[in-house]
Amino acid sequence: MKNQFKISSYCHVKQNKISLNGTVLFSAEAEESKFLKQAYKALDVNYSKFFKMDKLSQLAFLAADVLLQHENISEENQENIALVMGNKASSLDTDRKHQDSIQDKASYYPSPAVFVYTLPNIMLGEISIKYKLYSENSFFVFENFKTNYFYNYTNSLIDDKKADKILCGWVNVDDEDYEAFLYLVTPNGNLQHTEKQINTLYNELWKL
Amino acid sequence: MSKVYLSYNNIISSLGFNSASVAKEVMLGNSGLKQIKDTSVMPEPFMSSLIDDDALTAAFKNKTEKKYTKLEKMFITSLQDTLGQSNIVLTDRVGLIISTTKGNIDALDAENDFPKERAYLDVLAKNVAHYFGFQTEPIVLSNACVSGVLAVAVAKRYIKSNMFDHVFIVAGDLVTEFILSGFNSFQALSSEICKPYDKNRIGINIGEVAVSALVTKNEENLSDEAVEILGEASCNDANHISGPSRTGEGLYRSIKSALAQSNLTSEDIDYISAHGTATMYNDEMEAIALNRLGLEKTPMNSLKGYFGHTLGASGLLETIIGMYALKQNMLIKTLGFAEMGVTQPINVIENTVEKPLSTFLKTASGFGGCNTAVIFKKVK
């Protein structure tokens, strides 16, 4: 049951750089905490909900937006694009903020606006809302990027005709560290959808 | 195309430590929820179903020197039972899925004895996998409140992609200050036993369980209550991150897609095990989605009145109870429901009664706009 799907685009975000298909679109000298907001401005994203998101959702949203804009994906078409993503630190970056808000009984300030981001799949919801994707969402946690798990799961969605395209990848935020690698699996594209190809693209993240 | 089944299983809960005894309690109409007074997790008394620490430690029988967290003990104790029943050798063809929303989140608390690193979900997964000697990398699925039932779909997909022959799923979340304070900040908690679909519903109860089950393609490994997984889908609302769609769009699409994959129509579903958290918006959304699908006359229940909302475990917990409902041909009542409280007609089960059953639909919805529907059919 071999499918003939390809990889049509990919995006990397790390070291204050965003690149699309291997070409750097934006880079900044700024400290990491300001980078995502600077990138938002520089890339003309224009989506005010971005500022309500936590860092993990902002990172995923930005990477997805760069890639989907390039692919001319429009919310009007309500495309059937499944989202299959994973990371190491789940939503711990925001979990720590929520924990800080309840640690001291004398200064107790839990907030729904923070608490809602204590789930890693919220980033999938944010991307779905922007691009009107009424499609499959799965969020996985591994010690590190596991190509075979992403590859086989994606193929299963294709074989079962659960999605026309699949946006896959790794989006991790942990304190000062962050990285994102997304790739779009589609019926048409220049790169083969193979484990070897996915590994090659993933490894480019560390050369950024 | 080969069939995939949900087979041997276990439930660790305040109603008992194995599935058969827990299902029996539920069919008798007994709730595991009670009022808890513990100011270390909530300033006010709250309704919950908690796993007794001493009973858990006694059941766990730690065979190692390593110290385990409460959630790890729950997972291992549950999986121990399911593995023992299944009698499957752990080769590189056997996968493990850990379904949880928050894992060892209590490790972030300054008062907790375990190091903060224990809060990483992959560390939790490895601790469980290593205890039993799983040969494959464990998969953590963290998809809010649909995680437990989505895990069944994910397991089936990995088997169909030929990565595994068998997948064990273990699902669970703790009742912690972290969780309670968060839901409380949404003003979503009910101080009484929750009342799904009821006119006077005021919110949810959070409960804790650990549940586990075997997903397999091998017909030699089927328990008496085993079911075939006919079809599954998970669709986003594309609407809001913390509230369900008013039209039930994602749930509607999930059920429609699961029916199509199962080659079934709405008339073929004998009963629905719904999400029914007992919040205003969730229950109303479900009623709308079911009506859009012509499922308003199908008997349906929410089991939240028995266990509370058990977060990353709820979907699998309620699926296992559904397996027992099919086996014993019992429609289980929605505990807490008295008077219709949604605007669209739905057939909420009010009394536990016998009825021939062969097919059921399990649904769940959660933060992030996620929804999942899976359809099961009785095997024996």
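# Contacts in a two-chain model

Student: How many bridges join strand 5 of chain A to strand 5 of chain B?
Tutor: This is a predicted model, in which local features need pLDDT of at least 70 and side-chain atom pairs count only at pLDDT 80 or more, while totals for chains, interfaces and linings use all residues. Residues are numbered from 1 along each chain as its sequence is written, and chains are lettered from A and ligands numbered from 1 in the order in which they are written. Strands (DSSP E runs of at least two residues) and helices (H or I runs of at least four) are numbered from the N terminus, and two strands pair if DSSP finds at least two bridges between them. Strand 5 of chain A and strand 5 (residues 139–141) of chain B run antiparallel, and the number of bridges that join them is two.

Student: Which residue of chain B does Val141(A) stand opposite?
Tutor: The partner of Val141(A) belongs to strand 5 of chain B. That residue is Val140(B).

Student: Which helix of chain A gives the most to the side of chain A that touches chain B?
Tutor: With contact taken as C-beta atoms, placed from the backbone, within 7 Å, 45 residues of chain A meet 45 residues of chain B. At least two residues each come from several elements of chain A, among them helix 5 (122–131), strand 5 (137–141) and helix 6 (147–159). With seven residues, the element that gives the most is helix 3.

Student: Which helix of chain B gives the most to the side of domain 1 that touches domain 2?
Tutor: Chain B is divided into domain 1 (5–221) and domain 2 (227–378), with bounds that come from an automatic or database domain assignment. The C-alpha centres of these two domains of chain B lie 20 Å apart, and their contact takes 56 residues from domain 1 and 58 residues from domain 2. Contributing at least two residues each on the domain 1 side are elements including strand 6 (166–173), strand 7 (209–216) and helix 5 (147–160) of chain B. The most, eight residues, comes from helix 5.

Student: Where does the largest nonpolar core lie with respect to the domains of chain B?
Tutor: A nonpolar core is a set of buried Ala, Val, Leu, Ile, Met, Phe, Trp, Tyr and Cys residues joined through C-beta atoms within 7 Å, where buried means 20 or more other C-beta atoms within 10 Å, exposed 12 or fewer, and partly exposed in between, with C-beta atoms placed from the backbone. The largest core has 204 residues, and Ala63(A) and Ile169(B) have the most contacts inside it, while helix 2 (residues 55–70) of chain A supplies its largest share, ten residues. Because domain 1 and domain 2 of chain B both give residues to this core, its place is between them.

Student: Is Ala58(B) buried or exposed?
Tutor: Ala58(B) sits in helix 2 (residues 53–60) of chain B. Because Ala58(B) has 11 other C-beta atoms within 10 Å, it is exposed.

Student: How many residues of helix 7 of chain B are buried?
Tutor: Helix 7 (residues 249–262) of chain B has 14 residues and reaches 20 Å from its first C-alpha to its last, close to the 20 Å expected at 1.5 Å a residue, a span reckoned as 1.5 Å times one less than the number of residues. Its buried residues, which include Leu251(B), Tyr252(B) and Ile255(B), pack against strand 8 (227–234), helix 8 (280–292), strand 14 (359–366) and strand 15 (370–378) of chain B. Helix 7 of chain B is mostly covered, and of its 14 residues the number buried is eleven.

Key
Contact = placed C-beta atoms within 7 Å.
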